[in-house]
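Colleague: I am just starting to read protein structures, and I would like a close look at a single part. Could you pick one helix, walk me around it, and then show me what lies beyond it?

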Amino acid sequence: MPQTVVAIATKGQGLYEFTDEAADFVQRAGVPEGLLTAFVRHTSASLIIQENADPDVKRDLHAFFHRLVPPSSDPSMHWLVHTMEGPDDMPAHIKAVLTQVSIGIPVMDGRLALGTWQGLYLFEHRDRPHRREIVLHLGA
């Protein structure tokens, strides 16, 4: 069964699309039907399927999660205990729990069965740049 690792260099919090990398992997694998599983190998980043047409969607999602789970330096987060790795660390773990670290996408006719406006994104929850790894696994 084909597998690969996609590395994404992030520049801080935000959404980083990797739809093209996943689609290229599926095409190279030559599997007409199956399931692509994407799995991020980190606890402070996650994966989502989201609209890839309007950049305002990415901006609004980032703003929503920032309001939902602010940094530990925010007075509303005084109850957090895990703060040794910076004010963005524990909130990043919470955001990852609220989303997902693994996504399954059907493969039909040798292509990802995504909708017209759907894209695959790494959702980076940390402020600093990171190198994130996403394992892609294609099962027939």
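Modeller: Happy to; we will begin with one helix and then follow its contacts outwards.

Please keep in mind that this is a predicted model. Our helix is α1, which spans residues 19-29. Which of its residues are buried? Thr19, Ala22, Phe25 and Val26 are. These four cover an arc of only 130° around the axis, so they sit on the same side of α1. There is a general rule behind this kind of pattern: an α-helix has 3.6 residues a turn, so residues three or four places apart point the same way. Now turn to the other side of α1, where Asp20, Gln27 and Arg28 are exposed. Just after the helix comes Gly30, with a positive phi of about 70°.

Next, let us see one residue that touches the helix. Leu120 belongs to strand β7, residues 118-124. Is Leu120 buried or exposed? With a relative accessibility of 1%, Leu120 counts as buried, because the cut-off for that word is under 20%. Setting aside neighbours within four places in sequence, the contacts of Leu120 include Thr19 and Ala22, two of the buried residues of α1. Others among its contacts are Tyr16, Glu17, Phe18, Ile48, Ile49 and Ile105. Leu112 and Leu114 are in contact with Leu120 as well. As for Ile8, its C-alpha atom and that of Leu120 are separated by 13 Å, although the two residues are 112 places apart along the chain.

Ile8 brings us to strand β1, residues 3-9. This strand is part of an open sheet of five strands, in the order β1-β8-β3-β5-β6 with antiparallel pairing. The edge strands are β1 and β6, and each pairs on one side only. Seven bridges join β1 to β8, residues 131-139; for example, Val5 has Val135 as its bridge partner.

Between β5 (102-108) and β6 (111-112) there is a loop that holds Asp109. Asp109 is not a glycine, yet has a positive phi of about 55°. Its relative accessibility is 65%, so Asp109 counts as exposed.

To finish, here is a spot on the surface. Phe64, Leu68 and Leu98 make a nonpolar surface patch of about 300 Å². Of these, Leu68 lies in helix α2, residues 55-68, and is partly exposed, with a relative accessible area of 44%.

How values were computed
Residues numbered from 1 in each chain as written. Predicted model: local features only at pLDDT ≥ 70, side-chain atom pairs only at ≥ 80, totals over all residues. Heavy atoms only, no water. Buried < 20%, exposed > 50% of the residue type's maximum accessible area, 1.4 Å probe, protein only. Arc of directions from axis to C-beta. Patch = residues over 30% accessible without salt bridge, like charges linked within 9 Å, V, L, I, M, F, W, Y side chains within 5 Å. Areas by Shrake-Rupley, 256 points an atom, 1.4 Å probe, with all protein chains shown as cover. Salt bridge = Lys/Arg side-chain N within 4 Å of Asp/Glu carboxyl O. Contact = heavy atoms within 4.5 Å. Pairing = 2+ DSSP bridges.
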